[in-house]
Amino acid sequence: MFTMFAMLKNSWENLVARVFRHAIAARCRRAGLRQQTMPMPYGSVAYLDNAAAGTAIVLLHDAGADKNSWLACAARFGRGQRLLILDLPGHGDSGADLELEYDVHSQTERVLEFIEQLSLSQVHLIGNGLGSAIALRLAHWRPQLCVSLILINVGGLPGPASVLTTVLGTSGKDPLMDIGSLDDFKLLLELSMYRVPYLPRPLLHLLARQKIARHAIDLKIAADLRRDLDQSAVLAQLHLPTLIIWGADDKISHVDGAALLHARISGSALLIVPECGHLPMLEQAAVVAARCTRFLAAFNAA
């Protein structure tokens with residue numbers, strides 16, 4: 001009886017996983033994105049590409065997330081510009097080697113190598129959380145490569161304590177990366193968003209299982225990022241068009257970080273999104289996509 005129950009449970013879980021994969025694939029098709037894989041010296045890099053003409057927009061996700069976090073926003077960009085959405089090494093469908101280093105410096109080198117492998121002479125960079133920290137480092141290293149920056153809820157900046165800081169101080173456990181149970185996963189969702197959307201129970205459990213399975217690599221990434229996540233030292237040296245977007249109710253990166261960026265990056269534009277947490281491109285995809293499109297339109301006109 002137990003064996004039969006286990007078989008039925010596995011069959012059900014496999015079915016839910018298959019339906020979820022098909023749903024993601026359908027969203028990619030609607031956005032004109034095709035899944036690709038690029039072999040690199042440190043392992044394969046999975047990415048989405050719409051193969052459009054023009055200067056590419058490279059989208060970089062947060063720590064512990066993956067390329068799918070951009071799909072709602074990417075679908076609203078339209079197909080007129082090239083979109084490249086990669087899984088950072090250690091994330092998503094890209095290689096995840098516990099022997100690699102995953103600090104900002106190392107990840108920026110890998111993103112740069114990815115861009116060079118595609119023979120891109122210039123790019124627009126859009127990043128969320130860790131992705132924004134990488135975008136800042138890359139723009140500092142190669143200002144001639146980066147046409148513009150869009151920074152969404154940047155991670156690691158100095159400033160007032162966030163809800164995350166309080167949770168860390170209370171439990172001593174990283175609630176964003178140390179995910180070992182369904183309750184841990186639910187807390188991650190609550191911290192990441194202003195209002196967690198309804199998730200059917202089978203989907204919630206699937207996503208939790210997938211996150212729990214990444215426990216070891218997530219802990220490695222979190223430990224490495226403590227070395228250099230803060231990129232505030234380079235802000236005053238940036239002189240390229242920059243749009244800053246921040247969820248007003250971010251529990252992970254305090255909204256005061258937006259004012260810090262705006263003050264230190266000369267000529268930057270700022271959008272604070274109300275009733276929004278750490279993931280504006282998911283929580284308020286239409287608002288974010290519309291603002292990004294207007295910002296990027298100036299470069300298309302030129």
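A residue is called buried when its relative accessible area is under 20%, exposed when over 50%, and partly exposed in between (1.4 Å probe, protein chains only). Helices (H or I, at least four residues) and strands (E, at least two) are DSSP runs, numbered from the N terminus. The structure is a predicted model, in which local features need pLDDT of at least 70 and side-chain atom pairs count only at pLDDT 80 or more, while totals for chains, interfaces and linings use all residues. Residues are numbered from 1 along each chain as its sequence is written, and side-chain values use heavy atoms, with hydrogens and water left out.

**Exercise 1. Identify which residues of helix α8 are buried, and state what covers them.**

Step 1. Helix α8 spans residues 215-225. Its buried residues are Ile217, Asp218, Lys220, Ile221, Ala222, Asp224 and Leu225.

Step 2. The cover over these residues includes α3, α4 (130-141) and α7 (201-212). Contact here means heavy atoms within 4.5 Å.

**Exercise 2. Examine the salt bridge between Arg209 and Glu13, and state which parts of the chain it ties together.**

Step 1. The criterion for a salt bridge is a side-chain nitrogen of Lys or Arg within 4 Å of a carboxyl oxygen of Asp or Glu. In general, side chains of opposite charge can pair when their charged atoms come close.

Step 2. A search of the whole structure yields 13 salt bridges. In one of them, Arg209 pairs with Glu13, and the closest N and O atoms are 3.7 Å apart.

Step 3. Because Arg209 belongs to helix α7 and Glu13 to helix α1, the pair ties together parts that are 196 residues apart in sequence.

Step 4. Arg209 is partly exposed, at 32% relative accessibility, whereas Glu13 is buried at 16%.

**Exercise 3. Determine whether the partners in the Asp87–Lys67 bridge are buried or exposed, and locate each partner.**

Step 1. The side chains of Asp87 and Lys67 form a salt bridge with an N to O distance of 2.5 Å.

Step 2. Asp87 sits in the loop between β4 (83-86) and α3, and Lys67 in the loop between β3 and α2 (71-77), so the bridge ties together parts that are 20 residues apart in sequence.

Step 3. Asp87 is buried, with a relative accessible area of 0%. Lys67 is likewise buried, at 2% relative accessibility.

**Exercise 4. Describe the bridge between Arg137 and Asp228, then name the residues of the salt-bridge network.**

Step 1. Arg137 and Asp228 meet through their side chains in a salt bridge (3.7 Å, N to O).

Step 2. This pair links distant parts of the chain, with Arg137 in helix α4 and Asp228 in the loop between α8 and β7 (242-247), 91 residues apart.

Step 3. Arg137 is buried at 14% relative accessibility, and Asp228 is buried with a relative accessible area of 14%.

Step 4. Glu101, Asp103, Lys220, Asp224 and Arg227 are joined into one network by salt bridges that share partners.

**Exercise 5. Characterise the surroundings of Arg110.**

Step 1. Arg110 is part of helix α3 (residues 104-117).

Step 2. Although buried, Arg110 has no salt bridge. The nearest side chain of opposite charge is Asp103, 6.4 Å away; Lys and Arg count as positive, Asp and Glu as negative, and His and the chain ends are not counted.

Step 3. Apart from neighbours within four places in sequence, Arg110 contacts Tyr42, Pro89, Leu100, Glu101 and Tyr102.

**Exercise 6. Name the residues of the positive surface patch and the helix that supplies its largest share.**

Step 1. Patches are made of residues with over 30% relative accessible area and no salt bridge; like charges are joined within 9 Å, and nonpolar side chains (Val, Leu, Ile, Met, Phe, Trp, Tyr) within 5 Å.

Step 2. Arg27, Arg29, Arg30 and Arg76 form the positive patch. Its largest share, 3 residues, comes from helix α1 (residues 2-30).

Step 3. Arg27 lies in helix α1 and is partly exposed, at 35% relative accessibility.

**Exercise 7. Contrast the settings of Ala51 and Asn153, each with a positive phi.**

Step 1. Ala51, a residue other than glycine, has a phi near 60°. Asn153, also not a glycine, has a positive phi of about 50°.

Step 2. Ala51 occupies the loop between β2 (43-49) and β3 (56-60), whereas Asn153 lies in strand β6 (residues 146-154).

Step 3. Ala51 is exposed, with a relative accessible area of 62%; Asn153 is buried, at 0%.

How values were computed: Areas by Shrake-Rupley, 256 points an atom, 1.4 Å probe, with all protein chains shown as cover. Charge placed at Lys NZ, Arg CZ, Asp CG, Glu CD.
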